[in-house]
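Welcome! Here is a small set of exercises to help you find your way around a new structure. Try each task yourself before reading the solution.

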Amino acid sequence: MTVQRFLLGTATVVTALLLQLTVIGRLPLPGAAPDLLLVLVVAFGFAEGPMAGMVTGWVSGMLADALSTHELGRLALAYALAGYVTGMLQDDTERSTLRPFGAVLLGAVTALTAYVGEGILLGDPRVFVQPVLRALVSSVPYDVVLTPLVVPLVAGLVRRLDVDPLRRI
Amino acid sequence: MRDSRRLRLTLVLLLLSAFTLTALDFNSAQTGPLAALRRGIDTVFGPVQSVLGGAAGTVGGALGGLPRLGSYQSDNKKLQQTNDRLRGQLAAQSGLQCQVDQLNALMHLVSYTKYRTVPAHVIAVGPSGAFEWTATIDAGSVDGLKDGMTVVTGSGLVGRTKEVSTRTSRVLLLSDPDFTVGGTLIGQSSVGFAVGNGAKPMTYSLASTRSVVRKGDVLLTTGSDTYAPGVPIGTVTTVTPDTNAISRTASIAPFVDVSALDLVGVITDPSRTAPRIPLRPVAAGPKATSSPCAAAVPQGPVPTSTPSPAPKPKPKPKPVPSPSGTPTPTRSP
């Protein structure tokens, strides 16, 4: 069970990361590109709770950091926090269609805030007002648009894993 | 209800470990275990990115072109006319070029279009889109690339290599706020620095207040231990009028559109021993002894590669489209 979960998480994270770097990041969209990896982390948090959310966030952030030019651990911290926060949202039993969108919005803003905060702490010359605004008006809305594509998919995969052992019994 | 203590403990652990790694990586140089880890992950992801990125580039190019499908026909016609006109001009100028080459040979100068380049495709971009302006190319240390090499297209400067792994390398694009390059305006001797500014034009600050900067002036790289000299960067769009500042600043619109890169060339000239000279003097070798008019033909390619994309002899740097029309380079293993 745990092994299956781990494999599912790794496979989706690696696929999303590769798609992000080679396809989504290069789409000729106005502004900054959407962040598929972040939406995936939020989806895991939302489907399985804060623990799964933050562990997925940490691992995927670390991989993304390794394939970047900034310091290791920056996106890992941002995504782990986003996964935790959106995992807490899952707490309520009521289901609504708008809730996943809210979760992605909250996750994207949390991750952006954390990343910018770290940038300020480290004195990163890349973090200044203009890119932050650019991310807020382009990247964050794009992430929300990705919600209906990613969140139900992850929820479905997780549910399938949960059901499987019962079938075998 | 959830075990909230365990949750909070895990959260704190994850955040602390991430931040510790950041702090360690912030202080470490290009060597050490963390750099090795990064290179290892690069080596694993590199080939997959090459495959995906190549396919994605084709698909993306097709998709990106869809909205403009109608205008292609008229564009084609216009381009054909321009092509004919330029062909005529080229024929007229070939004699002039011959003279220029002779003069250059006499003065031991060489233009950037004669540099040896390794061709490479852009296969991926950096993960934090709004903040980082980086690209991954499908050439690495096996192709002779090293950190800090100049990356160009036929139009001009693209950026410089940073973090070269075996088969892929990361390129810091000229729009990255971390990117700084020494630049000289054509026809002037004063030196300044152009700094990347994200989505906005680059900022060029000139140390001397006496030099006159005009709109439309062309900026070339000055050349240093990390940059090849004489590569066109861009043109001056606006000059900031300052009354009592000790330096002048201007906005530079780069010739190369870094958001639509495909084929680039990495300048791998081994001789980078003469820094801070606007045009690199030719070291003793085949170049200086070859006949002047043969200099119009680009220098022989590097053993690891066939036709270099950038070398297109042209009399004056002008914003021309990226060399998508050049044949796809084949690299021998």
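The exercises below concern a predicted model, and each one comes with a worked solution.

**Exercise 1. Getting to know chain B**

Task: Find how many helices and strands chain B has, and what percentage of its residues count as buried.

Solution: Start with the secondary structure: chain B has four helices and twelve strands. Next, turn to burial: 39% of the 333 residues of chain B count as buried. Finally, look at how far apart along the chain the contacting residues are. Among contacts in chain B with a separation of 6 or more, 64% are between residues 24 or more positions apart.

**Exercise 2. Two barrels**

Task: Trace the strand order of the closed barrels in chain B.

Solution: Begin with the barrel that contains strand 1. Six strands of chain B close up in the order 1-2-5-4-3-12, and their pairing is antiparallel. From one strand to the next, the twist averages 45 degrees. Now zoom in on one pair in this order: strand 2 (residues 134-137) and strand 5 of chain B run antiparallel and are joined by four bridges. Within this part, B:T136 stands opposite B:R170 of strand 5.

Then move to the barrel that contains strand 6. Its six strands follow the order 6-7-8-11-10-9 in chain B, again with antiparallel pairing. Here neighbouring strands are turned by 40 degrees against each other on average, ignoring direction.

**Exercise 3. Walking through two hairpins**

Task: Follow chain B from strand 6 through strand 7 to strand 8, and note which residues in the hairpins have a positive phi.

Solution: First, strand 6 (residues 180-185) and strand 7 (residues 191-195) of chain B pair antiparallel over five bridges. One bridge links B:T184 to B:V191 in strand 7. The hairpin of these strands has five residues between them, and B:G187 takes a positive phi near 85 degrees there.

Next, strand 7 is joined by four bridges to strand 8 (residues 202-206) of chain B, and the two run antiparallel. On the strand 8 side, B:Y204 is the bridge partner of B:A194, while B:L206 stands opposite B:G192. This hairpin has six residues between its strands, and B:G198 in the turn has a positive phi of about 65 degrees.

**Exercise 4. A positive phi outside glycine**

Task: Locate B:E163 and decide whether it is buried or exposed.

Solution: B:E163 lies in strand 4 of chain B. Its phi is near 65 degrees, a positive value in a residue other than glycine. To settle burial, count neighbours: a residue is buried if 20 or more other C-beta atoms lie within 10 Å of its own. B:E163 has 21 C-beta neighbours inside 10 Å, so B:E163 counts as buried.

**Exercise 5. A helix pair in chain A**

Task: Work out how helix 1 and helix 2 of chain A are oriented to each other.

Solution: Look at helix 1 of chain A on its own: its 21 residues reach 30 Å from first C-alpha to last, close to the 30 Å expected at 1.5 Å a residue. Its buried residues include A:G9, A:T12, A:V13, A:A16 and A:L17.

Now add helix 2. The axes of helix 1 (residues 2-22) and helix 2 (residues 36-48) of chain A come within 8 Å and cross at roughly 155 degrees. Angles over 145 degrees count as roughly antiparallel, and therefore helix 1 and helix 2 of chain A are roughly antiparallel to each other. On the helix 2 side, the contact is made by A:L36, A:L37, A:L40 and A:F44. By class, the contact has eight nonpolar, three polar and no charged residues.

**Exercise 6. Where the chains meet**

Task: Describe the side of chain B that touches chain A, then find which residues A:R126 touches.

Solution: In this contact, 46 residues of chain B meet 44 residues of chain A. Helix 2 of chain B gives the largest share of the chain B side, 13 residues. That side has 24 nonpolar, eleven polar and eleven charged residues.

On the chain A side, take A:R126, found in the loop between helix 5 (99-122) and helix 6 (129-168) of chain A. A:R126 is partly exposed, with 19 other C-beta atoms within 10 Å. Leaving out residues up to four places away in sequence, A:R126 touches A:G119, A:P131, B:F131, B:E132, B:D176, B:P177 and B:D178.

How values were computed. Residues numbered from 1 in each chain as written. Chains lettered and ligands numbered in written order. Predicted model: local features only at pLDDT ≥ 70, side-chain atom pairs only at ≥ 80, totals over all residues. Contact = placed C-beta atoms within 7 Å. Nonpolar A, V, L, I, M, F, W, Y, C, P; charged D, E, K, R; others polar. Axes fitted to C-alpha atoms, helices over the stretch in contact; angles between N-to-C directions. Parallel < 35°, antiparallel > 145°, perpendicular 65-115°, else oblique. Buried ≥ 20, exposed ≤ 12 C-beta atoms within 10 Å, placed from the backbone. Pairing = 2+ DSSP bridges. Expected span 1.5 Å × (residues − 1).
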